[in-house]
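These are my notes on aromatic rings and their surroundings. I wanted to know which rings pair up and where they sit.

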Amino acid sequence: MSHTAVENPWPARRPACALFVGGVRSGKSGFAQRWAEARAPRRLYVATCAAADAEMAERVRLHRAARGPEWACLEVPLDVPEALDALWAGPGPDADAATAGVVLLDCVSMWIANLLGAGLDDVAALARVEALAASLERRTLPVAVVTAETGLGLVPPSPLGRRFLDVLGLANQRLAGLAEPVVLAVCGLALALRGPLPEELELRP
């Protein structure tokens, strides 16, 4: 008697992908860090910011000190999808990154700025966003993604500024479509846009 293999109708659920969005100094990065720290004792911070001057270098130093030794850091200004795919593929040469149980990508808005600054047009930049979304859908670890909500401000006077808002807005929509929870940070408060608000983000007296 022959047996025909039947595809499992209940595929294994991917680890969580959480999106944290908000304005400048809204608390979004802090909420993402708190979410990640609640999920694994060893964590990987994927930074898209390039320290191009002394002031930014000092900001980076302070951020690293605030995260603590449980965090490894990988600086990836441009090739974010490729860096994440390499991580999903298994342990690499970076021993600290290989032991991480959760990933924090901070932030998509800076990454989009880097792509446009490198000369990509809108179509090419959005293709990179699709590559990021595809990588996140292949994730093997929980991922927190941070991005800026810039649609509530004034329209920039420069063509590049307007392009940035358009591309980032479309990127945020694409990533929000695959993430849960989606958390909006406003004035240091966390609001759930999709899914329940994680317990570690709830306001405490």
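I looked up Trp35 before the other rings: it is buried, with a relative accessible area of 1%. The model is predicted, and I read every value below with that in mind.

I then ran a search of the whole structure for aromatic pairs, and it returned two. In one of them, the ring centres of Phe20 and Trp35 are 6.3 Å apart. Their planes meet at 65 degrees, and over 60 counts as edge-to-face, so I logged the pair as edge-to-face.

I checked where the two partners sit in the chain. Phe20 belongs to strand 1 (residues 17-22) and Trp35 to helix 1 (residues 28-37). The pair therefore ties together parts that are 15 residues apart in sequence. I also looked up the accessibility of Phe20, which is buried with a relative accessible area of 1%.

I went on to Tyr45 and Trp71. Their ring centres are 6.2 Å apart and their planes stand at 80 degrees, so I entered this pair as edge-to-face too. Tyr45 is in strand 2 (residues 43-47) and Trp71 in strand 3 (residues 71-75). I noted that the pair links distant parts of the chain, 26 residues apart.

For burial I used the cut-off of under 20% relative accessible area. Tyr45 has 11% relative accessibility, so I marked Tyr45 as buried. Trp71 has 9% and counts as buried as well.

Last, I looked for a charge over a ring. Arg67 lies over the face of Tyr45, at 3.6 Å from the ring centre. My entry for Tyr45 thus lists Trp71 as its edge-to-face partner and Arg67 over its face.

Note on methods. Residues are numbered from 1 along each chain as its sequence is written. This is a predicted model: local features need pLDDT of at least 70, side-chain atom pairs count only at pLDDT 80 or more; totals for chains, interfaces and linings use all residues. Side-chain values use heavy atoms; hydrogens and water are left out. Rings of Phe, Tyr and Trp (its six-membered ring) pair if their centres lie within 6.5 Å; planes under 30 degrees apart count as stacked, over 60 as edge-to-face and the rest as tilted. Helices (H or I, at least four residues) and strands (E, at least two) are DSSP runs, numbered from the N terminus. Buried means under 20% relative accessible area, exposed over 50%, partly exposed in between (1.4 Å probe, protein chains only). A charge sits over a ring if NZ of Lys or CZ of Arg is within 6 Å of the ring centre and within 35 degrees of the ring normal.
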